[in-house]
Amino acid sequence: MMARRSGANPVRRLGCIILLIGLAVVAFVGFRFVHGWTETGPATQDISIVVPEGSTLSDAAVLLKSAGAVRSADAFLTRAKVFGGAKPIKAGEFVVPKGASNREILSILQGGKTLTRLVTIPEGMPSILVQERLMANDELTGDVAVPQEGSVLPDSYAFDKGEPRAAVLKRMQAAMDKALAKLWAERAPNTIAKSPQEAIILASIVEKETAIAKERPMVAGVYSNRLRKNMMLQADPTIIYPITKGKPLGRRIKKSEIADVNDYNTYAMTGLPKGPIANPGRLSILAVLHPAETNALYFVADGKGGHIFADTYQQHNENVRKWFEIRRARGEL
């Protein structure tokens, strides 16, 4: 009996040892599996990941591995299926922070907070420069022609990396159509504009004449008064537009250019030019559709960045004299 017991103990001990080892291995593997979900990831810097439309979680895992955001595509995919729930991932461009864990990465992909890339069109930018700005952005693709003048609403527009330039331009023009329709529907009875196109044309002149927002209704009021009296608008920017298509002239206007007869020069014609001379912003359009009630017919620079307005030609001449005195004192004449 004693011999049988002593012979059985080693077998039981071996079985227990094997069992303990097995449990330890399972526990270690389980620990590694769970820990791998939350441990610091391999990314040594912020990484940009573009997930195309229609991508699966498996596709994203491969992209993440290729970019160095995860150590193993298979391990990330398995853990994501176990711990990540059923919420789908989003398409777009995402930023994976340095050292992001598998859990953090999946949360980023599921949250849909994509990287925001912006292209900005300033108020008064002519269409030739809009086209140049789009073409100069190397994160966009494809070609785009110079858009129709006045068809783009100045603003900042988000885009995805690799998006066609034509698609971004289409959004800019759709934004102008929408804004103009709303502003036109709410126009004041005293606007001189007879159509949305006339509003854009006059707003583009107002935009180029003053960068001070609070002055725009007054400038629009002056031009409205001149149009009603069949006076020439005499807006310098309309001289420049047919020469440069809206780009800076870079020199003084020549006398021959002031006298040049064309479809834009308001020193040689009455009424509005045949088209806009820039892409006006909302505030300039609003100013034309809600001009200031004023008797002013003239304005000239005041030497402080703004303008001084006058009801009569005599008052205007005095204001011009003061402006020339300021310029002489500055050494500009």
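Reader: Which residues count as positive and which as negative, and how far apart are the mean positions of the two kinds of charge in the protein chain?
Author: Lys and Arg count as positive and Asp and Glu as negative, while His and the chain ends are not counted. In this predicted model, the protein chain holds 44 positive and 32 negative charges. The distance between their mean positions is 10 Å.

Reader: What radius of gyration does the protein chain have, set against that of a compact globule of 333 residues?
Author: The C-alpha trace spans about 135 × 45 × 35 Å along its principal axes. A compact globule of 333 residues would have a radius of gyration near 20 Å, whereas the value for the protein chain is 34 Å.

Reader: Is Glu207, which meets Arg216 in a salt bridge, buried or exposed?
Author: The side chains of Glu207 and Arg216 form their salt bridge at 3.3 Å, N to O, and Arg216 has a relative accessible area of 3%. Because buried means under 20% relative accessible area, the 7% of Glu207 makes this residue buried.

Reader: How many residues apart in sequence are the parts that the pair of Lys274 and Asp263 ties together?
Author: The side chains of Lys274 and Asp263 meet in a salt bridge at 3.9 Å, N to O. Both residues lie in the loop between helix 10 (255–259) and helix 11 (282–289), so the pair ties together parts whose separation in sequence is 11 residues.

Reader: Which residues do salt bridges that share partners join into one network?
Author: The count of salt bridges comes to 13. Through shared partners, salt bridges join into one network the residues Glu93, Arg117 and Glu139.

Terms used: Residues are numbered from 1 along each chain as its sequence is written. This is a predicted model: local features need pLDDT of at least 70, side-chain atom pairs count only at pLDDT 80 or more; totals for chains, interfaces and linings use all residues. Side-chain values use heavy atoms; hydrogens and water are left out. The radius of gyration is taken over C-alpha atoms; the globule rule is 2.2 Å times the number of residues to the power 0.38. The place of a charge is taken as NZ of Lys, CZ of Arg, CG of Asp or CD of Glu. A salt bridge is a side-chain nitrogen of Lys or Arg within 4 Å of a carboxyl oxygen of Asp or Glu. Buried means under 20% relative accessible area, exposed over 50%, partly exposed in between (1.4 Å probe, protein chains only). Helices (H or I, at least four residues) and strands (E, at least two) are DSSP runs, numbered from the N terminus.
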